[in-house]
Amino acid sequence: MIAIRAATPEDAPSIAAIYAPHVLTGTASFEIDPPDARAMRTRMAASEGLYPWMVATNGDVDGGVIGYAYASKFRDRPAYRYVCETSIYLTDASSGSGVGRLLYGALVTTLRAQGFVHAIGAITLPNDRSIKLHEAVGFRRAGVYREVGFKHGQWIDVGFWQVQLNEPVVPPVEPRKFSEVGVVRP
């Protein structure tokens, strides 16, 4: 059985290990050098309690982390504070098994409960699997930046997918901290 829970600083080594192959051999991330556990802990702490970090664990006795998803600032300007950007990474073994849909679904549902208005997912293209996952949890294509990343000897497009989480109201309501809401399952 797969469990979804809030990530803790103790999960940082597992998160770094899941992310490293995506950095070293893939194009889903434009980083060149994989961050270590300390860097991941720093990134988690930078969420300031507002943006969720979640992990999926396997049903084995060890409860090993098999995927993680998180939200972050979409942009630095204050007017963007009602929108967030989302990311998800899985182990190779759990990819295509439904774990991504459970984990990403929990992230989107939690962001909705927090009061964010939109979430944006950036997808390097082509990437049919990621597109299907985003669309399965409600994202729709919003646009493409052409040839904006150069990695592994090629120029790469980045597509943006967007999901409306809540109605945009005037005046807007400030999103609640993740620590106030916790993981909300779809």
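**Notes on Ala71, strand β3 and the spaces around them**

1. A good place to begin is Ala71: beyond its neighbours within four places in sequence, Ala71 is in contact with Tyr51, Pro52, Trp53, Cys84, Glu85, Thr86, Leu107 and Leu111. Please keep in mind that this is a predicted model. Ala71 belongs to strand β3, and its relative accessibility is 1%, so the residue counts as buried under the 20% cut-off. One of its contacts, Trp53, sits 18 residues away along the chain, yet the two C-alpha atoms are separated by 6.7 Å.

2. What of the strand as a whole? Of the nine residues of β3, seven are buried, so the strand is largely enclosed by the rest of the structure. On one pairing, β2 and β3 run antiparallel and are joined by five bridges; here Ala56 has Gly67 of β3 as its bridge partner. On another, β3 and β4 also run antiparallel, with seven bridges between them, and Ser72 is partnered by Glu85 in β4.

3. Helix α1 is worth a look next. Its 13 residues, 12-24, should span 18 Å at 1.5 Å a residue, and because the end C-alpha atoms are 18 Å apart, the model agrees with that expectation. The buried residues of this helix are Ala12, Ile15, Ala16, Ile18, Tyr19, Ala20, His22 and Val23. An α-helix has 3.6 residues a turn, so residues three or four places apart point the same way. The buried residues of α1 pack against α2 (37-45) and against the strands β2 (53-57), β3 (65-73), β4 (83-90) and β6 (140-151).

4. Just ahead of this helix, in the loop between β1 (3-6) and α1, you will find Asp11. Is Asp11 buried or exposed? With a relative accessibility of 6%, Asp11 counts as buried. Leaving aside neighbours within four places in sequence, its contacts are Arg5, Ala6, Val55 and Val65.

5. On enclosed space, the structure has one cavity of 30 Å³ or more, and the largest cavity holds about 30 Å³. Its lining consists of Tyr19, Met40, Arg43, Trp53, Tyr68 and Tyr70, with α2 and β3 the elements that give two or more residues. By class, that lining has five nonpolar residues, no polar ones and one charged. Tyr19 is also among the buried residues of α1.

6. For open space, the largest pocket has a volume of about 900 Å³. It is lined by 35 residues, and those closest to its centre are Ala28, Ile88, Tyr89, Asn127 and Ser130. At least two lining residues come from each of α1, β4, α3 (99-114), β5 (118-125), α4 (128-136) and β7 (154-164), and the largest share, six residues, is from β4. The lining divides into 14 nonpolar, 16 polar and five charged residues.

7. The second largest pocket, at about 260 Å³, brings us back to Ala71. Of its 15 lining residues, Arg43, Trp53, Tyr70, Ala71 and Ser72 lie nearest the centre. Both β3 and β4 supply at least two residues of this lining, and β3 gives the largest share, four residues. By class there are seven nonpolar, three polar and five charged residues. Do compare this list with the cavity lining, where Arg43, Trp53 and Tyr70 also appear.

Key: Residues numbered from 1 in each chain as written. Predicted model: local features only at pLDDT ≥ 70, side-chain atom pairs only at ≥ 80, totals over all residues. Heavy atoms only, no water. Expected span 1.5 Å × (residues − 1). Buried < 20%, exposed > 50% of the residue type's maximum accessible area, 1.4 Å probe, protein only. Contact = heavy atoms within 4.5 Å. 1 Å grid on protein atoms, 1.4 Å probe; cavity = no way out; pocket = protein on both sides within 12 Å on 5 of 7 lines; lining within 4 Å. Points joined across faces, edges and corners; volume = space filled by probe spheres on them. Nonpolar A, V, L, I, M, F, W, Y, C, P; charged D, E, K, R; others polar. Pairing = 2+ DSSP bridges.
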